[in-house]
Amino acid sequence: MIAHFFPSLRERPRAALAATLVVALALAALPFVLGLGGNRWVRMADFALLYVMLALGLNIVVGYAGLLDLGYVAFYAVGAYMYALLASPHLMENFEWIAAAFPDGLHSSIWLVVPLGALLAAFFGVLLGTPVLKLRGDYLAIVTLGFGEIIRIFMNNLNAPLNLTNGPQGITNIDPVRIAGIDFGEPLALGGFEIPPVTLYYYLFLLLTLGVILVSIRLQDSRIGRAWMAIREDEIAARAMGINTRNVKLLAFAMGASFGGVSGAMFASFQGFVSPESFILMESIVVVAMVVLGGMGHIPGVILGAVLLYAIPETLREVARPAQLALFGQELVAPEALRMLLFGLAMVLIMLYRPTGLWPVPRHGIDATRRGG
C-alpha cells in the first residue's frame, strides 16, 4: 500500500517495508501523543479519519468517474440514521410491535450495521444516479445538490404521522460500538493503563479507513476503475469502445455512496446523537473541497486534502482566541469567522497556484513534485 503513495519504493522492497513500519508505528502512537494535550485533539483525529473515508468515497464519483456530486452528505446521513435507528431505543419507544419483538432492546452489532450501512447507502446512490445519467456539469451539480437537501428535509420532517427520525430534535441514546466484549463508550483498562473511548474509536476508524484505502486502490487498478476514468476523459469515446456507461456510472454512485454510509454509521456511534443539522449543504461542499484541494483521482492527494481541510480549521478554532488574547488583550475576531476567512483564503490561493491540487495524479514523463500545477 505504501508503494502506491510513493511509487519510487516499488523497486525497493526493503525501503518499502521500513517505510510501512515507520508509518504504522506513527499512526499507532498518534492518539497517545495527541492525548498529552487533552482528549479533544484525539477527537479531532477521529473526525479527520471519518472525513478521509468520506473524501475517498466522493473521489470515486468525482475523481474517477468525473461526475460532480454536491449531495454526497445525503449518504452520510443515511448511514448515520440507519445506525441510530438500529442501536437506540427510539423505534421501541414509538412502535409497540418493535418493542414486543425485541424485549431486550435493539442493540445491533457492528458486524451488521457496517455492511448494512454500506448497502443502504449504495441503494440510495443508485436511486440518485438513475435519473441523472444523462446530465453533465452544472446540471448534474444542481440535481445532486437538490437530492442532498431533500434527504435532509426528509430527516427533519419524518416525525409525523410516524415518528421515524424524531424530526429536528434528533435521535439520542445511541449505543456505542461493542466488539468482543469491549464497549467503545467506556475506558478500557489494559495493563495498568486506561485507554479512553476517543482512542478506542481512533483505532476502529483507522482500520476502517485502511480498508477503504485498500478498496480504492484495487478499484483504481481494475477494469472498472479504467472504465470510470475513460468516462471522465471522454464519455462518447468510452461508449464507442464498448463501455456500458449507464451501468458504470451507477456503479460509481453506488460504490462512492457505500463509503459515505459506513462513515455515517461510525459518526452516529461516536457521537451518540444525530440530527438533521449535522448534514447540511456545507458538509458536502467541504468534502468536495477536500477532493479538489488534494488532487482529484489521486488517493494520497485526497487523503492529504481531507486531513488538511479538517485539521487546520479545527486547530485554528482551538488557538485563535488564546492567540488574540495574548497579542491584543481581547478577542477582535470570533474564532469561527477567522477560521472560515482563512479557509476561504487558502482555497483561493491553492486554486490560483495549484489548480490540479496539492498532490495531483502524476502524469507519464512528468514529475508531479516539480510541476507548477
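Which residues do ring pairs link into a cluster? I started my notebook with that one. I'm working from a predicted model, so every entry is about the model. Ring pairs link Phe47, Tyr51, Tyr76, Tyr81, Phe184, Tyr201, Phe205, Phe267, Phe270, Phe279 and Tyr310 into a cluster.

**Entry 1: rings**

I looked up the total, and the count comes to 18 aromatic pairs. A reminder to myself: a pair of rings is described by the distance of the centres and the angle of the planes.

I picked Tyr51 and Tyr310 from the cluster. Their ring centres are 5.2 Å apart and their planes sit at 25°. Under 30 degrees counts as stacked, so this pair is stacked. I then checked where the two partners sit. Tyr51 is in helix α3 and Tyr310 is in helix α14, 259 residues apart, so the pair links distant parts of the chain. Tyr51 is buried, with a relative accessible area of 9%. Tyr310 is buried too, at 12%.

Next I looked at Tyr202 and Tyr203, an aromatic pair with 5.3 Å from centre to centre and 75° between the planes. That makes the pair edge-to-face. Buried or exposed, I wondered about Tyr202, and the answer is buried, at 2% relative accessible area. Tyr203 has 26% and is partly exposed, because buried needs a value under 20%.

**Entry 2: the core**

How many residues does the largest nonpolar core have? I found 104 residues in it. Leu204, Met266 and Val274 are the ones with the most contacts inside this core. Helix α3, residues 39-64, gives the largest share of the core, 19 residues. My textbook-style note here: in soluble globular proteins, nonpolar side chains tend to be buried together.

I followed Val274 a bit further. Setting aside neighbours within four places in sequence, I listed its contacts as Ala80, Tyr81, Ala84, Gly170, Ile171, Ile174, Phe267 and Ala268. Two of these names, Tyr81 and Phe267, also turn up in the ring cluster from the top of the page.

**Entry 3: a pocket**

I went to the second largest pocket, which holds about 720 Å³ of space. It is lined by 24 residues, and the closest to its centre are Phe5, Val23, Leu27, Ile213 and Ile303. The elements that give two or more residues to this lining are α1 (2-5), α2 (13-35), α3, α9 (197-220) and α14. Which element gives the most? I found that α2 does, with six residues.

I also sorted the lining of this pocket by type. It divides into 22 nonpolar residues, two polar and no charged.

**Entry 4: backbone oddities**

I noted first that most residues other than glycine have a negative phi, and most peptide bonds are trans. Then I hunted for exceptions.

A cis peptide bond joins Ala160 and Pro161, with omega at about 0°. Pro161 is in the loop between α8 (137-157) and β1 (178-179). Asn166 is found in the loop between α8 and β1 as well, and its phi is near 65°, a positive value.

Ala180 also has a positive phi, near 50°. I placed Ala180 in the loop between β1 and β2 (182-183). It counts as exposed because its relative accessible area is 78%, and the cut-off is over 50%.

**Entry 5: three residues I checked one by one**

Gly71 sits in the loop between α3 and α4 (73-86). Buried or exposed? Gly71 counts as buried, at 0% relative accessibility. Leaving out neighbours within four places in sequence, I found Gly71 in contact with Thr144, Leu145, Phe147, Gly148 and Ser284. I also checked Gly71 against Leu325, 254 residues away along the chain, and their C-alpha atoms are separated by 39 Å.

Ser216 lies in helix α9 and is buried, with a relative accessible area of 2%. With the same kind of neighbours left out, within four places in sequence, Ser216 is in contact with Leu56, Tyr64, Phe259 and Ile299.

Gln324 has its place in helix α14, residues 299-328. I looked up its accessibility, and at 7% Gln324 counts as buried. Its contacts, apart from neighbours within four places in sequence, are Gly329, Gln330, Glu331, Leu332, Val333 and Leu338.

Key: Residues are numbered from 1 along each chain as its sequence is written. This is a predicted model: local features need pLDDT of at least 70, side-chain atom pairs count only at pLDDT 80 or more; totals for chains, interfaces and linings use all residues. Side-chain values use heavy atoms; hydrogens and water are left out. A nonpolar core is a set of buried Ala, Val, Leu, Ile, Met, Phe, Trp, Tyr and Cys residues joined through side-chain atoms within 4.5 Å. Buried means under 20% relative accessible area, exposed over 50%, partly exposed in between (1.4 Å probe, protein chains only). Helices (H or I, at least four residues) and strands (E, at least two) are DSSP runs, numbered from the N terminus. Contact means heavy atoms within 4.5 Å. On a 1 Å grid over the protein atoms alone, a cavity is a set of points where a 1.4 Å probe fits but cannot get out, and a pocket is an open set with protein on both sides within 12 Å along at least five of seven lines; lining residues have an atom within 4 Å of a point. Grid points are joined across faces, edges and corners, and a volume is the space filled by probe spheres set on the points. Ala, Val, Leu, Ile, Met, Phe, Trp, Tyr, Cys and Pro count as nonpolar, Asp, Glu, Lys and Arg as charged, and the others, Gly among them, as polar. Rings of Phe, Tyr and Trp (its six-membered ring) pair if their centres lie within 6.5 Å; planes under 30 degrees apart count as stacked, over 60 as edge-to-face and the rest as tilted.
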